[in-house]
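Pull up the model and keep the sequence beside it. We'll go from the overall layout to the helix packing, and then to a few odd spots in the backbone.

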Amino acid sequence: AYAVDTKGRREIVMHFTKIIKLCKQAKFDIGGDVIDLEDIKGNYRPKKRANIEDAELIELVREFRKKYPHWAWCTGAMLVWGCRVSETFNLTPNTGDAFGTANIYGLKEEGAEVFEDRTALGKPEELIKEFDLFNIDRPYYYNSTDQPYNPIRSKEFTDSWGKSFARFLKNNEKFTKIKLYDIRHAYARRLIKLNVPTATASKSMGNGEGIFTDTYLKAMDKRDMAYIQKNT
């Protein structure tokens, strides 16, 4: 069971809320209502993450890729497609008419090993060629058939990658101090600033609309709003 005031507790309550609403619509008597879940939902609030501007982030990734070529492909893929850190071990860029997008067999929700296929939008698209992302080079791979997801191996690799990223930033004072996962956060802000509809953006990231709103839309700051004002 998830502890009180955690992301997992909030998300499981959200899932049960949807189930209860569907049951009510179908006129099933389930002996309760969504209001009964309020006491166990808790008061989880997403951690405030550092907002780094795209120009700085792209330059950071360029330099990190040169310094740590072992993680070059994964870092570039995470920047362009906004996937979770471990999902880079599965992501496959699309070609032809679907160029710019990528297929991901990834987590259906945070904190649970439930997987589903999804298509992710690639932004900024021009970095796909600059970073040579069709030439896949990663230390670990999983899929839905003959290479099952191994959470232990995945964590070993993501921990190593994260430590390399932290070490790089420690030795480069010119860059904003962020966590590896903040690259995904920046991707969400990028989609919002491009006026991608919430439903589309959340689907691209493998989130529910409620989670996307709570985690990313609420994190938009004054600079983001000024950018949107000038570009709409």
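Before anything else, a word on how elements are named here: helices (H or I, at least four residues) and strands (E, at least two) are DSSP runs, numbered from the N terminus. With that numbering, N172 sits in the loop between helix 6 (151–170) and helix 7 (182–193). Keep in mind that this is a predicted model.

Now zoom out. The protein chain has 10 helices and 3 strands. Along the sequence, the order of elements reads α-α-α-α-β-β-β-α-α-α-α-α-α. Of the 232 residues in the protein chain, 45% are buried. If you take the contacts with a separation of 6 or more, 63% of them are between residues 24 or more positions apart.

Let's start the packing tour with helix 3 (residues 54–67) and helix 4 (residues 72–81), whose axes come within 9 Å and cross at roughly 165°. Angles over 145 degrees count as roughly antiparallel, so that is how helix 3 runs relative to helix 4. The crossing of this pair is left-handed. On the helix 3 side, the contact is made by L57, I58, V61, F64 and R65, and on the helix 4 side by A72, W73, T75, G76 and L79. Sort the residues of this contact by class and you get 7 nonpolar, 2 polar and 1 charged.

Helix 4 also meets helix 7. Here the axes come within 7 Å and cross at roughly 30°. Angles under 35 degrees count as roughly parallel, and therefore helix 4 and helix 7 are roughly parallel to each other. Helix 4 brings T75, M78, L79, V80 and W81 to the contact, while helix 7 brings I183, R184, Y187 and R190. By class, the contact of helix 4 with helix 7 has 6 nonpolar, 1 polar and 2 charged residues. Look back at T75 and L79: they are listed in the contact with helix 3, and they turn up again in the contact with helix 7.

From helix 7 we can step on to helix 8 (residues 198–205). Helix 7 and helix 8 have axes 10 Å apart and pack at an angle of about 155°, so they are roughly antiparallel to each other. This crossing is right-handed. The residues that meet are R184, Y187, A188 and L191 in helix 7 and A201, S204 and M205 in helix 8. Split by class, the contact of helix 7 with helix 8 has 5 nonpolar, 1 polar and 1 charged. R184 and Y187 are worth clicking on, as they take part in the contact with helix 4 and also in the one with helix 8.

Which residues of helix 8 are buried? They are A201, S202, S204 and M205. Because these residues cover an arc of only 160° around the axis, they lie on the same side of helix 8. Three of the names, A201, S204 and M205, should be familiar from the contact with helix 7. Right after helix 8 comes G206, with a positive phi near 80°.

Now back to the loops, beginning with N172. Is N172 buried or exposed? Its relative accessibility is 18%, and the cut-off for buried is under 20%, so N172 counts as buried. Leaving out residues up to four places away in sequence, N172 touches E63 and K177.

Finally, the backbone oddities. Most residues other than glycine have a negative phi, and most peptide bonds are trans. With that in mind, look at K123 and P124, which are joined by a cis peptide bond with omega about 0°. P124 is in the loop between strand 3 (112–120) and helix 5 (127–130).

Two non-glycine residues with positive phi are next. D132, with phi near 55°, lies in the loop between helix 5 and helix 6. Its relative accessibility is 41%, so D132 counts as partly exposed. N195, with phi near 65°, is in the loop between helix 7 and helix 8. At 43% relative accessibility, N195 counts as partly exposed too.

Technical notes. Residues numbered from 1 in each chain as written. Predicted model: local features only at pLDDT ≥ 70, side-chain atom pairs only at ≥ 80, totals over all residues. Heavy atoms only, no water. Buried < 20%, exposed > 50% of the residue type's maximum accessible area, 1.4 Å probe, protein only. Arc of directions from axis to C-beta. Axes fitted to C-alpha atoms, helices over the stretch in contact; angles between N-to-C directions. Parallel < 35°, antiparallel > 145°, perpendicular 65-115°, else oblique. Left-handed = near helix turned anticlockwise from the far one by under 90°. Contact = heavy atoms within 4.5 Å. Nonpolar A, V, L, I, M, F, W, Y, C, P; charged D, E, K, R; others polar.
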